[in-house]
Amino acid sequence: TLFSNKKKKRKKICYIFFIVVNEFCERFSYYGMRAVLVLYFRYFLLWDDDLATSIYHAFVALCYLTPILGAIIADSWLGKFKTIIYLSIVYAIGQVTMAISTIHDITDANRDGTPDNFTFHIALSMLGLILIALGTGGIKPCVAAFGGDQFQEHQSRQLNTFFSVFYLCINAGSLLSTLITPLKSVASTLMVFIAGSGMYVKTDPEGNIMWSVCKCIGFAIKNRFRHRSSSYPKREHWMDWANEKYDKLLIAQIKMVLKVLFLYIPLPMFWTLFDQKGSRWTLQATTMSGDFVSILISTVNPILILTLVPIMDRLIFPLIQKCGLNFSPLKRMTVGMLFAAMAFVSAALVQIEIDKTLPNFPSSSESQLKVVNTYSTTLNVTISPNEHLLIESFGSSADYVTFDHQDITVSLNTNPVITKAFSLIKGGRQTLIIPSDPTVMYLKEDVKSKPREGKNAIRFVNGYTADLNITNLDSIEPSATTNYTLVNQGKRDFVLRHGEQWCEFSRKFGFGASYTFLIPSTVFSDDCESITEVEDMKPNSVHMALQIPQYFLITTGEVMFSVTGLQFSYSQAPKNMKSVLQAGWLCTNAVGNIIVLIVAELGKLPKQWAEYLLFASLLVAVSIIFSIMAYFYTYIDPAEIEAQVRKEQGLEPEEMEKETLEMEEKDEDQKNEQGVKQTKI
Ligand SMILES: NCC(=O)N[C@@H](CC(=O)O)C(=O)O
């Protein structure tokens, strides 16, 4: 017996291995594609930021809505195993379609590097994304539930460990996807999963269960309405009004599912906060300093998951249990929400620090102006009505001057005095460039937000007497100013050239700054030494490491909330509705994403830190509601309830046991048979 038990255990570990590796590959493919999706929208399809972000969130929301479809197919029709296989094929076709849509040569007849028919690429990529959403979402509730199905009722500890390992694999896949190309992984996902085919415990679908559930609920509501008069005796549960027509077992199962789904109502709020990691927090990072921005953003969550899941599972939860505290799944989920709320408080504190260092940008009714003087002497600049600035040659005004009107007149104390009228841009920042010939002074528009991704915006004013060529920039005419160019952090070299003459100019950049470099007429004679720099926007000074606490808190929250939610959804579902409840759980994520979309569309509060605090407070309020709901929830053992109902229906427990034994034996025989067949092959 001992030998055969050990053998069984080894066999189980082996086929669980196929399932978790399958999940690893699938998540690798999904996250790898998702990581470059916004970039594809921005730089290939040339969509603006808002459209790219909205379509991205809509796609993510779709990926979490399609699980309902997958669950219906699995539980009512194909069974989980076949659903996973077929929808994985759809998934692979989606990835291939998406990949083809990125080949610009298909419509680039003139070979200029830009597709000629954007509609074709957009249509193809949208089709690809829909297929991917159908594939990834469709299989998602089935894979988790299918993994759970491999365990027997008494193996609840192993089941919990399975879900933790499952979650680890999800995040290992997502972590690695940032390093390797995702396409090949869909094919490997399928192969790994099929490889374990002969070993799995496959539960058969039980007819069109969803349709029966809907009909049964509909009948209960109708019947209750028909018997609304007080002369009819009350029933314990409103679903009991379906007793006249429907099987007691089905009604009991629906009651179990509805009880859990009701509990899910407040949960999308957690995901609303969680999903802002990829949007608001990423934007926050671009206003901070530190050279690990992209690595931090794409890897910190999975790395923390890989560390925290084992710590929680092996250390924290057992320790809490040892202290005699009952840290039930719903309590864990509540604490998870509170951690997410704390993460947003931490984000608000970081934001307050960042705000202290941010420039004072103009409001929509104001205009800001700075003055740069490349004239040969110091100038006294008067801007009507009462702004007086003294600006040295090859220098600038100390900071931007803010006006609440747009029409200004500028006077220079040259001989004769030069006066010129300008109209400023409302809500904009501009620089008045005074060239060597001040009569042609002109306005140049400045950046009015922090350069993206921690880059630096730089431009040059040519005070040299002839055209100049600067590395990577078009040639600049005398007295002209280039448009901004974005440069990365670190040391950058620029070569300035005019005919045979040249000099090299080096500059070390931080993050998120903006500079105007003034090139004097002596530039070649002093080997670029005399180039002066005007700081239009200071570099970011709050270090990105300050974001680590918020990532740590939200990931701790995720481990408590998401891993537990996954286990809870499986354990509280009746056998024939496991995938349906997994889909219900995933839907909370979809709704969370949709809320992010709506919030983004409605716009933000004027202060970002206030928005973070608002979200934190909302989640605290929601977690209080959830804890009250959880207090009234009684954990159930679906198998026990089903057995009890069967018993009430006249099926004796012995008969049931016999039936189960027979089924298990049949299963075992089937597997042995397949094993023999495989060996023969
Ligand atoms: N750390 C993100 C993560 O693990 N996400 C999971 C859970 C989910 O999105 O519902 C996943 O990608 O499956």
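In this predicted model, a polar side-chain atom of N301 sits 2.6 Å from a nitrogen atom of the ligand. Two other side chains make a similar kind of approach, this time to oxygen: a polar atom of the Y31 side chain comes to 2.4 Å from a ligand oxygen atom, and one from the R27 side chain is 2.8 Å from an oxygen atom of the ligand. Not much of the ligand is left uncovered, with the protein hiding 94% of the 340 Å² of accessible area that the ligand has on its own.

Turning to the shell as a whole, the residues around the ligand are R27, Y31, Y64, K140, Y167, I170, N171, N301, E558, L586 and N589. Sorted by class, that makes five nonpolar, three polar and three charged residues. Three helices, α1 (2-44), α6 (156-177) and α15 (578-602), each put at least two residues into this shell. The largest share belongs to α6, which chips in three residues.

E558 deserves a second look, as this member of the ligand shell is also where helix α14 bends by about 30°. Helix α14 covers residues 548-571, and its 24 residues should span 34 Å at 1.5 Å a residue; the end C-alpha atoms are in fact 34 Å apart, so the expected and modelled spans agree. Most of α14 is tucked away as well, with 20 of its 24 residues buried.

Notes. Residues are numbered from 1 along each chain as its sequence is written. This is a predicted model: local features need pLDDT of at least 70, side-chain atom pairs count only at pLDDT 80 or more; totals for chains, interfaces and linings use all residues. Side-chain values use heavy atoms; hydrogens and water are left out. A residue is near a molecule or strand if one of its heavy atoms lies within 4 Å of it. A polar contact is a pair of N or O atoms within 3.5 Å; within protein, one must be able to donate a hydrogen and the other to accept it, and residues adjacent in sequence count only if both atoms are side-chain atoms. Accessible areas come from the Shrake-Rupley method with a 1.4 Å probe; for residues, only the protein chains shown count as cover. Helices (H or I, at least four residues) and strands (E, at least two) are DSSP runs, numbered from the N terminus. Ala, Val, Leu, Ile, Met, Phe, Trp, Tyr, Cys and Pro count as nonpolar, Asp, Glu, Lys and Arg as charged, and the others, Gly among them, as polar. The expected span of a helix is 1.5 Å times one less than its number of residues. The bend at a residue is the angle between axes fitted to the seven residues ending there and the seven starting there. Buried means under 20% relative accessible area, exposed over 50%, partly exposed in between (1.4 Å probe, protein chains only).
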